Amino acid sequence: MSLAPWQQEPLERVLAAWRAGRLGHALLLCGPEGIGKRALALALAARLLCEGPAEGPPCGRCRACQLRQAGSHPDLHLLSFEEVPNSSPPRLRSELLVDQVRVATATAQMTAQRGGVQLLLIDPADALNPAAANALLKTLEEPSPGRYLLLLSARPQRLPATIRSRCQRIELALPAPPQALEWLLAQGHAAGPATAALAAADGHPGLADAWLREGGLALREATLRDWAAVAAGQRAALGVAQAWMAEPATVALRLRFVADAALALARSAAGGPATVPGLTAPTDLAKLVAWFDQLNRLRRQLAAPLKHELALAGLLAGWRHLPAPTETAR
Ligand SMILES: [Zn+2]
């Protein structure tokens, strides 16, 4: 898969540093969720592992390229979420554990099996729990030639400062809107939906692309319509909550849409344009903040297999009780 311009540009910078012998042994790849950090890290790994000509893209024909494409290169390691043992339906852990770091770094301590470089990708690095981060720190403090650590994170501020300070930081920033739109059109999306998706995704082309492919825009519209109906007292909060929870795969995305829309409404209360049809911007900032806390708590809890209907119903009903501007106040 070819990289988008906003991935290609940082990749070129990293490769230039590598060719000049200035590449650090630990890189922290930062950027919003879905911007393509993993794709960038894998493209970098592909170039560093390739045993063909050193210039240009990886050759795709050498043994190293073939192993990598088959997902079995012995010197490319990925540390990410593991499945919770015996979970049914299968569920991933929400943090990276110290044993995972120990196994991965012990493997990386050994000589590269193909005699070239070794890479360990940690994604998302901010999910390392404190013991795991501590174990990783030891590896960071003992760099060894040809061994690279690639830490990927959308929330680098959650990483311990001791880890951040030992990494070279590479930022993947959102592209300018015209560039993002151009890329979406190149992915085969029509201009109208692409523009709408990009606006809904706050300028994030990766998200907009995913939503366009997976019906995210329609889900967003339906979500905001349900929410407005609860806010207007036309539908019961519990009924809407149950309907949303009946499709567990989409609940997290629905709550993201609610959070984004609530934020837009809060901005409109502060003088920005009104953005969500059927919903009014609340005026009591303290209560709005409390409501947001409730929403974010619920978003974090979704990973656990609990019944969330009541909490979600309470959240949806809660918006209705946030003070709205009165007619006389206008
Ligand atoms: Zn190759």
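**Exercise 1. Find what percentage of the 330 residues in the protein chain is buried, and describe the chain as a whole.**

Buried residues account for 43% of the 330 residues in the protein chain, where buried means under 20% relative accessible area, exposed means over 50%, and partly exposed lies in between, with a 1.4 Å probe and protein chains only. This is a predicted model, in which local features need pLDDT of at least 70 and side-chain atom pairs count only at pLDDT 80 or more, while totals for chains, interfaces and linings use all residues. Residues are numbered from 1 along each chain as its sequence is written, and side-chain values use heavy atoms, with hydrogens and water left out.

The next step is the overall build: the protein chain has 14 helices and five strands, taken as DSSP runs numbered from the N terminus (helices are H or I with at least four residues, strands are E with at least two). Its C-alpha trace spans about 75 × 45 × 35 Å along the principal axes.

The last step concerns contacts, meaning heavy atoms within 4.5 Å. Of the contacts between residues at least 6 apart in sequence, 68% join residues at least 24 apart.

**Exercise 2. Locate the cis peptide bond that leads into Pro-124, and place Pro-124 in the chain.**

Begin with the general expectation that most residues other than glycine have a negative phi, and most peptide bonds are trans. The peptide bond from Asp-123 to Pro-124 is cis, and its omega is near 0°. Pro-124 itself sits in the loop that runs between β3 (118–122) and α5 (130–141).

**Exercise 3. For Asn-86 and Asp-202, work out the sign of phi, the loop and whether each is buried or exposed.**

Take Asn-86 to start: although it is not a glycine, its phi is positive, at about 60°. Asn-86 is found in the loop between β2 (76–79) and α4 (98–109), and it counts as exposed because its relative accessibility is 81%.

Turn then to Asp-202, a residue other than glycine whose phi is positive and near 60°. Asp-202 belongs to the loop between α8 (191–200) and α9 (205–214), and with a relative accessibility of 57% it counts as exposed.

**Exercise 4. Count the aromatic pairs, and describe the pair of Trp-6 and Trp-183.**

The rule is that rings of Phe, Tyr and Trp (its six-membered ring) pair if their centres lie within 6.5 Å, with planes under 30 degrees apart counted as stacked, over 60 as edge-to-face and the rest as tilted. By this rule there are six aromatic pairs. One of them joins Trp-6 and Trp-183, which are edge-to-face, with 5.0 Å from centre to centre and 75° between the planes. This pair links distant parts of the chain, since Trp-6 is in helix α1 (residues 5–19) and Trp-183 is in helix α7 (residues 177–186), 177 residues apart. Trp-6 is buried, with a relative accessible area of 8%, and Trp-183 also counts as buried, at 17% relative accessibility.

**Exercise 5. Describe the pair of Trp-291 and Trp-319, and name the aromatic cluster that holds them.**

Trp-291 and Trp-319 form an edge-to-face aromatic pair, 4.8 Å centre to centre and with 70° between the planes. The pair links distant parts of the chain, 28 residues apart, with Trp-291 in helix α13 (residues 285–301) and Trp-319 in helix α14 (residues 309–320). Trp-291 counts as buried at 3% relative accessibility, and Trp-319 counts as buried at 5%. As a final step, Trp-227, Trp-291, Phe-292 and Trp-319 form one aromatic cluster.
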